[in-house]
Amino acid sequence: MDCLFCKIINKEIPNYTVYEDENVLAFLDIHPCSKGHTVVVPKQHFGNLLELDDSSWKNITEGLRAAVLKIHGALSPDGVNVGINNGKAAGQAVGHMHWHIIPRWNGDGGGSMHSIIRAGEGVDVKAIAEMFL
């Protein structure tokens, strides 16, 4: 498999590890959005979020939380954004599921998750909600 993140996990490509356990590897993003921007990848290859089973989801989210705690302990940010680009339309550039932890500081000029896209004007929320029934 020619997967960038699998190569990092297999130590074929070096990284700056922030956190590691048996299920995840968290390392500094080489194109950071902020100081301490970290990528958390499952050690097992999943192309996207929809491929995860319940057990893998639980294990990965425990590692994700541990990485957030490690970042807080080292950098003391005022907050963090945690997000996943799931699918090409959402901006997923590497075909191995991964989360971004982006440390935030008051006054850094960044926005919330709501600043990613603003195409919700005119959406009938009630009609959408009925689709889930």
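How many helices and strands are there in the chain? The chain holds three helices and five strands. The model described here is a predicted one. Read from the N terminus, the elements follow the order α-β-β-β-α-β-β-α.

**Overall dimensions**

The C-alpha trace spans about 50 × 40 × 25 Å along its principal axes. The chain has 133 residues, and 35% of them count as buried. About 8,700 Å² of the chain is exposed, and carbon and sulfur atoms supply 56% of that area. Contacts can also be sorted by how far apart the partners sit in the sequence. Among contacts between residues at least 6 apart, 54% join residues at least 24 apart.

**The nonpolar cores**

The largest nonpolar core has 16 residues, and those that touch the most other members are Tyr-19, Val-40, Ile-60, Trp-99 and Ile-101. Four elements give two or more residues to this core: strand S1 (17-20), strand S2 (24-28), helix H2 (54-75) and strand S5 (99-104). Helix H2 provides the largest share, six residues.

Which residues does Trp-99 touch, leaving out those up to four places away in sequence? Trp-99 touches Thr-38, Val-39, Val-40, Leu-49, Leu-52, Trp-57, Ile-60, Leu-64, Val-82, Gly-83 and Ile-84. Another core lies apart from the largest one; this other core has ten residues, including Ile-9, Leu-25, Val-39 and Val-94.

**Cysteines**

The search of the whole structure for disulfides finds zero. Cys-3 is in no disulfide, and its nearest cysteine sulfur, in Cys-6, is 3.7 Å away. Why is there no bond between Cys-6 and Cys-3? Their sulfur atoms are 3.7 Å apart, which is too far for a bond, because a disulfide needs the two sulfur atoms within 2.5 Å. Cys-3 is buried, with a relative accessible area of 6%. Cys-6 is buried as well, with a value of 12%.

**Salt bridges**

Four salt bridges are found in the whole structure. The table gives three of the pairs, among them one that links distant parts of the chain.

| Pair | Closest N and O atoms | Relative accessibility of each residue |
|---|---|---|
| Asp-2 and Lys-7 | 2.7 Å | Asp-2 68%, Lys-7 26% |
| Glu-20 and Lys-43 | 2.8 Å | Glu-20 37%, Lys-43 27% |
| Arg-104 and Asp-108 | 2.7 Å | Arg-104 17%, Asp-108 37% |

In the pair of Glu-20 and Lys-43, the residues are 23 apart along the chain. Glu-20 is in strand S1, while Lys-43 is in the loop between strand S3 (38-42) and H2. Glu-20 counts as partly exposed, and so does Lys-43.

In the pair of Asp-2 and Lys-7, Asp-2 counts as exposed, whereas Lys-7 counts as partly exposed. For the pair of Arg-104 and Asp-108, is Arg-104 buried or exposed? Arg-104 is buried because its relative accessible area is 17%, under the cut-off of 20%. Its partner Asp-108 counts as partly exposed.

**Two residues with positive phi**

Lys-11 is not a glycine, yet its phi is positive, about 65°. Lys-11 is found in the loop between helix H1 (4-9) and S1. With 62% relative accessibility, Lys-11 counts as exposed. Ser-76 is another residue other than glycine with a positive phi, near 50°. Where does Ser-76 lie? Ser-76 is in the loop between H2 and strand S4 (79-84).

**A nonpolar patch on the surface**

Which residues form a nonpolar patch on the surface? The patch is formed by Val-123, Val-125, Ile-128, Met-131 and Phe-132, which together have about 570 Å² of accessible area.

Val-125 lies in helix H3, residues 125-130. Val-125 is exposed, with a relative accessible area of 63%. Phe-132 is placed in the segment after H3, and at 71% relative accessibility Phe-132 also counts as exposed. The C-alpha atom of Phe-132 is 41 Å from that of Ala-74, and these two residues are 58 apart along the chain.

Notes: Residues numbered from 1 in each chain as written. Predicted model: local features only at pLDDT ≥ 70, side-chain atom pairs only at ≥ 80, totals over all residues. Heavy atoms only, no water. Core = buried A, V, L, I, M, F, W, Y, C linked by side-chain atoms within 4.5 Å. Buried < 20%, exposed > 50% of the residue type's maximum accessible area, 1.4 Å probe, protein only. Contact = heavy atoms within 4.5 Å. Patch = residues over 30% accessible without salt bridge, like charges linked within 9 Å, V, L, I, M, F, W, Y side chains within 5 Å. Areas by Shrake-Rupley, 256 points an atom, 1.4 Å probe, with all protein chains shown as cover. Salt bridge = Lys/Arg side-chain N within 4 Å of Asp/Glu carboxyl O.
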